[in-house]
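Trainee: I'm new to this one, so could you take me through a close look at a single part and then show me what lies around it?

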Amino acid sequence: MTLTAPDTARGTLARTATSLSSGHLPRWAPWALLVGSLAIVAAPFGIASISSGSEFNLAGTLILGAVVYLVLIYVLSRIVEDGRKATDRLITGVVTAAFAIAMVPLVSVAWTVVANGIARFDADFFSMSMRGAIGEGGGGLHAIMGTLLVTLAATLISVPIGLMTAVYLVEYGQGGRMARAITFLVDVMTGIPSIVAGLFAYALFALIFGPGVRMGIMGSVALAVLMIPVVVRSSEEMLRLVPNELREASYALGVPKWLTILKVVLPTSIAGITTGVMLAISRVIGETAPLLITAGFTDAMNYNLFSGRMQTLPVFTYSQYAYQGIPAEAYVDRAWASALTLIIIVMVLNLIARLVAKFFAPKTGR
């Protein structure tokens, strides 16, 4: 039997009425309420902007529209459904709105850096230094290499120290007096300002080489001071997540404790440890103040961490923006391109860390 158009319309209305009377809102209802709320709020803002000749208040529209939506969805859900479902929809809307608000600065920063840094994101920027460059031209190769070398050296210094400290706290400390003292000092180091780490590294090397010394390794030591507490805390938590049954099974087979840690505990937690190391690197790779004091800045290439000043991307970004020449646009473009390069380096390092964690993580399947 073929249904006619009136029969189809009556069927649709019947299903809608059944959905409303059965204690469940239709799937399209939240989206319709959201669009309607934004339209209701946008109308007065649009009229006000047209009458005053000002720009449309998009932020105010989104915020007030979200508030109106939360009120409407709660009231409508309480009428059609019940109080429990209405509260669930309200909390879902609040969490979604909080997520959207948290994404606003992230997207804004990413868009701003990409839009401004793409102007000098060319071959010259990645193949030239600033030696002899006046005004336009030049590049940031010396800063890129300096950042990679200084951060690599800081990682080589901090990761073994931090990882072995975490192993002691979890496997040997057993909540003793020494372990509690180390935990307290690590917590204190987590909150020290970065400039203090720079001053510590400068004072240490000034006692050995004399005042006024600037070297890339000094910057690595300063960054390592900032990285060590992050590595310790993250690695400690990952090691504590390893089940004791794995340790006991290894001990039952006659494996000594040091070999159990090396062959069982560390491989089991390698994914989390790698993530913690990447968090530590991301924490320090953009630091400017300690590198200004220790590594200084230069316009020439320097591959030797133990001799002479060394430029890094954060310091290069600061110097290009703070000490603008003629034309000023060239210096600003280089600063934005340097910031974009730094963000890309962090993204690549995080991708590599994920691949390493996935490759070395223990296989759980049979």
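How far apart are the end C-alpha atoms of residues 28–50, and what percentages of that span are helix and strand?

Mentor: Sure, but a word about the model comes before the answer. It's predicted, so local features are taken only where pLDDT is at least 70 and side-chain atom pairs only at pLDDT 80 or more, while totals for chains, interfaces and linings use all residues. Numbering starts from 1 along each chain as its sequence is written, and side-chain values use heavy atoms, with hydrogens and water left out.

Now your span. The end C-alpha atoms of residues 28–50 are 32 Å apart, and the stretch is 100% helix and 0% strand. Helices and strands here are DSSP runs numbered from the N terminus (H or I over at least four residues for a helix, E over at least two for a strand). In the unreviewed UniProt entry, 28–50 is one of the spans annotated as "transmembrane region", along with 56–77, 89–119, 139–170, 182–209, 215–232, 264–285 and 335–357. UniProt annotations may be inferred rather than shown by experiment.

For a contrast, take residues 182–209 from that list: the chain there is 89% helix and 0% strand, with its end C-alpha atoms 30 Å apart. The unreviewed entry also annotates residues 144–353 as "domain: ABC transmembrane type-1". In the model, that domain span is 78% helix and 0% strand, and its end C-alpha atoms lie 20 Å apart.

Back to your helix, because it borders some empty space. Pockets and cavities come from a 1 Å grid over the protein atoms alone: in a cavity a 1.4 Å probe fits but cannot get out, a pocket is an open set of points with protein on both sides within 12 Å along at least five of seven lines, and lining residues have an atom within 4 Å of a point. A volume is the space filled by probe spheres set on the points.

The largest pocket holds about 750 Å³ of space. Its lining has 21 residues, with Leu34, Ala66, Thr96, Ala97 and Ala100 nearest the centre. Helix H2 (28–52), helix H3 (58–80) and helix H4 (83–117) are the elements that each give two or more residues to that lining. H4 gives the largest share, nine residues.

Elsewhere, the second largest pocket has a volume of about 380 Å³. It is lined by 18 residues, and Thr155, Val277, Met278, Ile281 and Leu349 are the closest to its centre. Here the elements giving two or more residues are H6, helix H12 (270–284) and helix H15 (328–360).

H6 turns up again at a closed space. The structure has one cavity of 30 Å³ or more, and the volume of this largest cavity is about 30 Å³. Thr147, Val150, Thr151, Leu223, Val284, Ile285, Leu291, Thr312 and Pro314 line it. Helix H6 (residues 141–173) gives the most to that lining, three residues.

From gaps, let's move to rings. Over the whole structure there are five aromatic pairs. One is Phe121 with Phe126, an edge-to-face pair with 4.9 Å between centres and 90 degrees between planes. Rings of Phe, Tyr and Trp (its six-membered ring) count as a pair if their centres lie within 6.5 Å, with planes under 30 degrees apart called stacked, over 60 edge-to-face and the rest tilted. Phe121 is partly exposed at 29% relative accessible area, and Phe126 is partly exposed too, at 33%. The Phe205 and Phe209 pair is stacked, because the ring centres are 6.1 Å apart and the planes are at 10 degrees.

That stacked pair sits in helix H8 (residues 194–209), where Phe205 and Phe209 are four residues apart, about one turn of the helix. Phe205 is buried at 12%, whereas Phe209 is exposed at 51%. Buried means under 20% relative accessible area, exposed over 50% and partly exposed in between (1.4 Å probe, protein chains only). Phe121 and Phe126 also belong to one aromatic cluster with Phe125 and Phe316.

Last stop: the loop between H8 and helix H9 (216–240), which holds Arg214. With 22% relative accessibility, Arg214 is partly exposed. Its C-alpha atom is 61 Å from that of Ser51, with their positions 163 residues apart along the chain. And Ser51 takes you back to where you started, since H2 covers 28–52.
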